[in-house]
Amino acid sequence: MKIIVPMAGRGSRLRPHTLTVPKPLIPVAGKPIVHRLVEDIVGVLNEKIDEIAFILGDPAFFGDDVVESLKALATSLNAKPTIYRQLDPKGTGHAIMCAKDSLSGPAVIAYADTLIRADFDLDKDADAVIWTKKVENPEAYGVVNLNDKNEIIELVEKPKEYVSDQAVIGIYYFKDVSQLKDELQFVLENNIINGGEYQINDGIKQMMAKGKIFKTGTVDEWMDCGNKEVTVETNQKMLGFLSEANYPLISENISNENSKIIEPCFIGESVILKNSTVGPYASIGEGTVIEDSAVKNSIIQKHSKIKNAHLDNAMIGNYATFDGKFTNVSIGDYSELK
């Protein structure tokens, strides 16, 4: 089994945080989004993963540090790491074809801007499985249309009339991913473009037209990391899940001087707390100093300095300095508000 992870996008909706850090490496509950996603998929599949292929963008942005972190992630899961580049972003189908040398045998393709909680057995009798989540407003999503055998017969983008309430979340299983590769090669060669890009859906639709059986795999939770608001909300949910599982979230070597921690929280290595209240639902990166402040329902990354603050629903980057009475803030790496 292989896992293919396209992650070349810059994450413009999550600026300013993605001006210096690729969105998939933004931490949620103390761990980068892509790390959590891949680990969760491996846990759901519950079988040996031979290779994890990552499709990155421009090396000037997805540099050596990103490559090394992803190689370490794959190695920690006993899988071979492979790195590909999508230097000219032309859509989801084009991104997948950048990894064409790895497109053989059974594989999961997962886009690295979402997190899941799931527990189910993969239907390996199907030619492919598209993971979905029941939503209240299907008109805002791409959804699947099912026949009376619960097989997917159509993908419909933002339907104006009701088709189903099962939204596509961007994670797919293919019994033999080379079949998708062949169809996407046809898409590229024949310049089949939707929305100005080459889309994975056009390859999937051609597989369906040739009689390939697609089934759904539903997830219990689908957590978006598209912008600051939903990323903070996802951080809150993930902290709750990890706390319920008794996952250790607070490092042993923090410095706590007259401060109160309200769990669940993630507090990283060498964090210093002085005369402050942290939590609930706060994630504090390693080396950060928080003084004379209250921080809840927020993400603060590594080596930042927070003073005289009352933060709620806030997101603060790495090596940032914040001193003030703002509450709902979003400042990126190396920024200062004094």
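Which residue of strand 24 does Lys296 stand opposite? Keep that in mind while I say, as a caution, that what we are looking at is a predicted model. The residue is Asp312, which stands opposite Lys296 in strand 24, and this pair is a good way into the sheet around it.

Strand 21, which covers residues 294-296, is joined to strand 24 by three bridges, and these two strands run parallel. They belong to an open sheet of four strands, in the order 15-18-21-24, with parallel pairing. At the edges of this sheet are strand 15, residues 260-261, and strand 24, residues 310-312, each of which pairs on one side only.

Let me now turn to the loops, and to a reminder that most residues other than glycine have a negative phi, and that most peptide bonds are trans. With that in mind, look at the loop between strand 15 and strand 16, residues 265-267, where you will find Pro264; the peptide bond that leads from Glu263 to Pro264 is cis, with omega near 5°. A second cis peptide bond runs from Gly279 to Pro280, with omega near 0°, and Pro280 sits in the loop between strand 18, residues 277-278, and strand 19, residues 282-284.

Two further loop residues deserve a careful look for their phi. Ser270, in the loop between strand 16 and strand 17, residues 272-274, is not a glycine and yet has a positive phi of about 60°. Its relative accessibility is 40%, so Ser270 counts as partly exposed. Tyr319, which is likewise not a glycine, has a positive phi of about 55°, and its place is the loop between strand 25, residues 315-316, and strand 26, residues 321-323. With a relative accessible area of 42%, Tyr319 is partly exposed.

Next, the helices. Two packed helices are described by the angle between their axes and the distance between the axes. Here, helix 1 and helix 2, the latter being residues 64-76, pack at an angle of about 20°, with their axes 11 Å apart. Because angles under 35 degrees count as roughly parallel, helix 1 is roughly parallel to helix 2. The contact involves Val34, His35, Val38 and Glu39 from helix 1, together with Ser69, Leu70 and Leu73 from helix 2. As for handedness, helix 1 passes helix 2 in a right-handed crossing.

What about the interior? In soluble globular proteins, nonpolar side chains tend to be buried together. The largest nonpolar core in this model has 52 residues, and those with the most contacts inside it are Ile41, Phe54 and Trp131. Helix 1, residues 33-45, gives the most to this core, contributing eight residues. Apart from that core lies another, of 27 residues, among them Ile130, Ile152, Tyr172 and Val177.

I will finish with helix 5, residues 200-209, which is mostly covered, since seven of its ten residues are buried. Which residues of helix 5 are buried? They are Ile200, Asp202, Gly203, Ile204, Gln206, Met207 and Met208. The buried residues of this helix pack against helix 3 (92-97) and helix 4 (178-189), and also against strand 8 (128-134), strand 10 (152-157), strand 11 (166-174) and strand 12 (214-218). After helix 5 comes Gly211, whose phi is positive, near 90°.

Terms used: Residues are numbered from 1 along each chain as its sequence is written. This is a predicted model: local features need pLDDT of at least 70, side-chain atom pairs count only at pLDDT 80 or more; totals for chains, interfaces and linings use all residues. Side-chain values use heavy atoms; hydrogens and water are left out. Buried means under 20% relative accessible area, exposed over 50%, partly exposed in between (1.4 Å probe, protein chains only). Contact means heavy atoms within 4.5 Å. A nonpolar core is a set of buried Ala, Val, Leu, Ile, Met, Phe, Trp, Tyr and Cys residues joined through side-chain atoms within 4.5 Å. Two strands pair if DSSP finds at least two bridges between them. Axes are lines fitted to C-alpha atoms, for helices over the stretch in contact, and angles run from 0 to 180 degrees between N-to-C directions. Angles under 35 degrees count as roughly parallel, over 145 as roughly antiparallel, 65 to 115 as roughly perpendicular and the rest as oblique. A crossing is left-handed if the near helix is turned anticlockwise from the far one by less than a right angle, and right-handed if clockwise.
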